[in-house]
Amino acid sequence: ERYRIDRPVGAATTKRAQVRGILEQLIDAELHPGDAIPSERALVTRLGVSRVTIRQAIADLVEAGALERVHGKGTYVTGPQVDSRLHLTSFSREMRDRGLSPATVVLSAAEELASDDVAYALRIRPNRPVVRVERLRTADGTPMAYEVGYYPSALFPGLLNRELGSLYDVFASEYGVVVTSGEQTVRAESADANQARILGIAKRAPLLVQERVTYAGERVIEMASSAYRADRYRIHMAITPRG
Ligand code: GLP
């Protein structure tokens, strides 16, 4: 298919903005995250605009995060970008709400005895059994977050025999435990070697780490740390004047 410059592209007025819009359509229709975009020369021929305009439009898409330049290799389509609204939702639901398909790789899941820190957060006695779950979360196949969570075994007997795709779904459907509130902090961190390998990013690349304690009524059901790729995930806040 040929993408034409006279196609309606919303409010775009300049040629640069029009070409950017057309490139976005082309990327959506023909390419996937990780694919290289066609060469400048091919785009000049195909879109019938100057090389300068193509370059500007590509630079705009790099700036917007839709494309990334890999030094000495080329320009590639990036993965999904998620704007988190910081609601109390599960990873699975948050991705689906954005039209992305969530998936989970369970890296490890085992019962252990709660350390003092874990016990304190979960409000149980130290050395009580907890289930530790370590997961890679993906959206449309792109690594998004690396999560480690602790769950009191007493609340979730047999949890290790369940499908650990969406934990919140399992808690609700198998145990009748519905999350009602949480406390969360977000801080910046740079990826260590392990996180970098799992998330497919460079060592020391930026991460946004959410630490969450989650409640079902009065009970603490979760203590979790989720390291999100900062190039794929950002936090969106609707802000209002302080009363
Ligand atoms: C988010 C939270 C985690 C929580 C997870 C549950 O990622 N940061 O603390 O464990 O959602 O998501 P799911 O139900 O998809 O497992």
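Helix axes are lines fitted to C-alpha atoms over the stretch in contact, and the angle between two of them, taken between N-to-C directions, runs from 0 to 180 degrees. With that in mind, the tour of this predicted model can begin at a pair of helices.

**First stop: two helices that cross.** Select helix H2, residues 40–47, together with helix H3, residues 51–63, whose axes come within 9 Å and cross at roughly 110 degrees. Angles from 65 to 115 degrees count as roughly perpendicular, and H2 and H3 are therefore roughly perpendicular to each other. If you turn the view so that one helix lies in front of the other, the handedness to look for in the crossing of H2 and H3 is right-handed.

**Second stop: the largest pocket.** Now select Ile 27, Asp 28, Ala 66, Val 77 and Thr 78, which lie nearest the centre of the largest pocket, among the 15 residues that line it. The space in this pocket comes to about 310 Å³. Adding helix H1, residues 15–30, to the selection brings in the element with the largest share of the lining, namely four residues. Colouring the lining of the largest pocket by residue class should show seven nonpolar, five polar and three charged residues.

**Third stop: the open sheet.** Next, display the six strands that form an open sheet, and follow them in the order E4-E5-E6-E9-E8-E7, with antiparallel pairing. The edges are strand E4 (102–113) and strand E7 (181–190), each of which pairs on one side only. Looking across the sheet, one finds a twist that averages 15 degrees from one strand to the next.

Within this sheet, pick out strand E8, residues 206–216, and strand E9, residues 219–229, which run antiparallel and are joined by 10 bridges. To see one of these pairings in detail, centre the view on Tyr 215, whose bridge partner in E9 is Val 220.

**Last stop: the cavity.** How many cavities of 30 Å³ or more are there? The count comes to one, and the space in this largest cavity is about 260 Å³. Select Phe 91, Glu 147, Tyr 168, Arg 212 and Ser 226, the closest to its centre of the 26 residues that line the cavity. The elements giving two or more residues to the lining are helix H4 (91–97), strand E5 (129–139), strand E6 (142–152), helix H6 (167–175), E8 and E9. By class, the lining of the largest cavity divides into 10 nonpolar, 10 polar and six charged residues.

Conventions:
Residues numbered from 1 in each chain as written. Predicted model: local features only at pLDDT ≥ 70, side-chain atom pairs only at ≥ 80, totals over all residues. Heavy atoms only, no water. 1 Å grid on protein atoms, 1.4 Å probe; cavity = no way out; pocket = protein on both sides within 12 Å on 5 of 7 lines; lining within 4 Å. Points joined across faces, edges and corners; volume = space filled by probe spheres on them. Nonpolar A, V, L, I, M, F, W, Y, C, P; charged D, E, K, R; others polar. Pairing = 2+ DSSP bridges. Parallel < 35°, antiparallel > 145°, perpendicular 65-115°, else oblique. Left-handed = near helix turned anticlockwise from the far one by under 90°.
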